[in-house]
Amino acid sequence: MRNMKTDIMSLSVKELEQYLEKLGEKRFRARQIFSWIYKGADSFEDMTNLSKELKSKLSENAALKKLKILSIQNSKKDGTRKYLFALADGNSIESVFMKYKFGNTVCISSQAGCLMGCSFCASAINGLQRDLTAGEMSDQVISVEKDAGEKVSNIVVMGTGEPFDNYENLSKFLSNIHEKDGLNIGMRSITVSTCGLIPKMMAFAKEFPQVNLAVSLHAPNDTLRNKIMPISKKYPLEELLAASRKHIAETGRRLTFEYALVKGVNDSERNAKELAERLRGINCHVNLIPLNQVIETGLHGTERKETERFLEVLQRHGIQVTVRRELGGDIDAACGQLRLKNVIN
Ligand code: SF4
């Protein structure tokens, strides 16, 4: 039988300590190895403070499964970089590096594909291929940092996939990047987005109360939401809003609602008024996202004038709201599109 190598990039420091003990090594080596991984070491050979024997033991028993960059799109306008990575099994995923005033941010994918089937989303088109491991999530940040040559201070888990559909690996990833010998990213500098898997929202509030939560609403009622987000049939809007209120009460933190504006679908003045009504009294911020064109879905983004009208209605009703700043406008592949093209070709 072939010896299955341990996926060392997915281990926590504690697991790494136990693993090294099993190999007959000292526990303190764990932090050294962990720190090399997050510094972007490409092989055990790169870990120069380990003995020759330990390096060869590791090569024999463990795998450092690094992502491979397939392509990069660079924005000349604002420094945004979109990465297409190959996973070891031939699947591909996307990550985006963005420069904001508050710091460099990487948007990562949590799954290869997605099961949730939102009608406007490029990532849903071929369904779910598989969950990403904690190591594959971390390596998106590590590889982007290394390639961009710049430190990353903020992470958003908003790329391909529903993070709460891969909860265990997500949770491990968050703990690992927060480690001081990992990427040392503050919990408050991380945002996780969900389409509304209610039971996991509650678990997340308990386990990661400091991490920002963004809930994708995209519609102000169930009739419309059922049409564009199948998950709504399982977790109706009223229950989702109740869960959001609970999350806010549990964590004491404001929550973000994401609302992708799809032309002629969910962007009327009536939709805006209804949304404002539903959100009244909730400690939240609404993020309006004019949808990027994905040819395969046949849907279009709302135009600027209508976006502003939608924004004004919410503001008039006292809702805190912004339109997401469009980054990488000149490389305008919508989220999930690079990967989609790669899967089709
Ligand atoms: S919008 Fe998010 S949850 Fe919906 S299909 Fe796309 S990746 Fe999945």
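# Worked exercises on a predicted two-domain model

The C-alpha centres of domain 1 and domain 2 lie 33 Å apart. This is a predicted model, where local features need pLDDT of at least 70 and side-chain atom pairs count only at pLDDT 80 or more, while totals for chains, interfaces and linings use all residues. Residues are numbered from 1 along each chain as its sequence is written.

**Exercise 1. Find the two domains and describe the domain 1 side of their contact.**

Step 1. Start with the bounds, which come from an automatic or database domain assignment: domain 1 covers 6-63 and domain 2 covers 68-339.

Step 2. Next, look at the contact, where two residues qualify if their C-beta atoms, placed from the backbone, lie within 7 Å. Domain 1 gives 10 residues and domain 2 gives 15 residues.

Step 3. Now see which element matters on the domain 1 side: helix α2 (residues 29-39) supplies the largest share, four residues. Helices (H or I, at least four residues) and strands (E, at least two) are DSSP runs, numbered from the N terminus.

Step 4. Sort that side by class: four nonpolar, four polar and two charged residues. Here Ala, Val, Leu, Ile, Met, Phe, Trp, Tyr, Cys and Pro count as nonpolar, Asp, Glu, Lys and Arg as charged, and the others, Gly among them, as polar.

**Exercise 2. Trace the open sheet and explain what is special about β3 and β14.**

Step 1. Follow the order β3-β4-β5-β6-β9-β10-β11-β12-β13-β14, which makes 10 strands with mixed pairing. Two strands pair if DSSP finds at least two bridges between them.

Step 2. Check the edges: β3 (68-74) and β14 (320-323) each have a single partner strand, so one side of each lacks a neighbour in the sheet. On average, neighbouring strands here are turned by 20° against each other, direction ignored.

Step 3. Walk in from β3, which runs antiparallel to strand β4 (residues 81-86) and is joined to it by six bridges. Ile69 sits opposite Phe85 in β4. The hairpin of β3 and β4 has six residues between the strands, and Gly79 takes a positive phi near 80° there.

Step 4. Continue to strand β5 (residues 92-100), antiparallel to β4 and also joined by six bridges. Tyr83 has Ser95 in β5 as its bridge partner. Five residues lie between the strands of this second hairpin, where Gly90 has a positive phi near 95°.

Step 5. For a parallel pair, take β6 (residues 103-107) and β9 (residues 154-157), joined by three bridges. Val106 stands opposite Ile155 in β9.

**Exercise 3. Work out how α6 and α9 are oriented.**

Step 1. The axes of helix α6 (residues 198-207) and helix α9 (residues 237-251) come within 9 Å and cross at roughly 5°. Axes are lines fitted to C-alpha atoms, for helices over the stretch in contact, and angles run from 0 to 180 degrees between N-to-C directions.

Step 2. The two helices are therefore roughly parallel (an angle under 35 degrees).

Step 3. The contact includes Met201 and Met202 of α6 and Leu240 and Ala243 of α9. Its residues divide into six nonpolar, two polar and three charged.

Note on methods: Angles under 35 degrees count as roughly parallel, over 145 as roughly antiparallel, 65 to 115 as roughly perpendicular and the rest as oblique.
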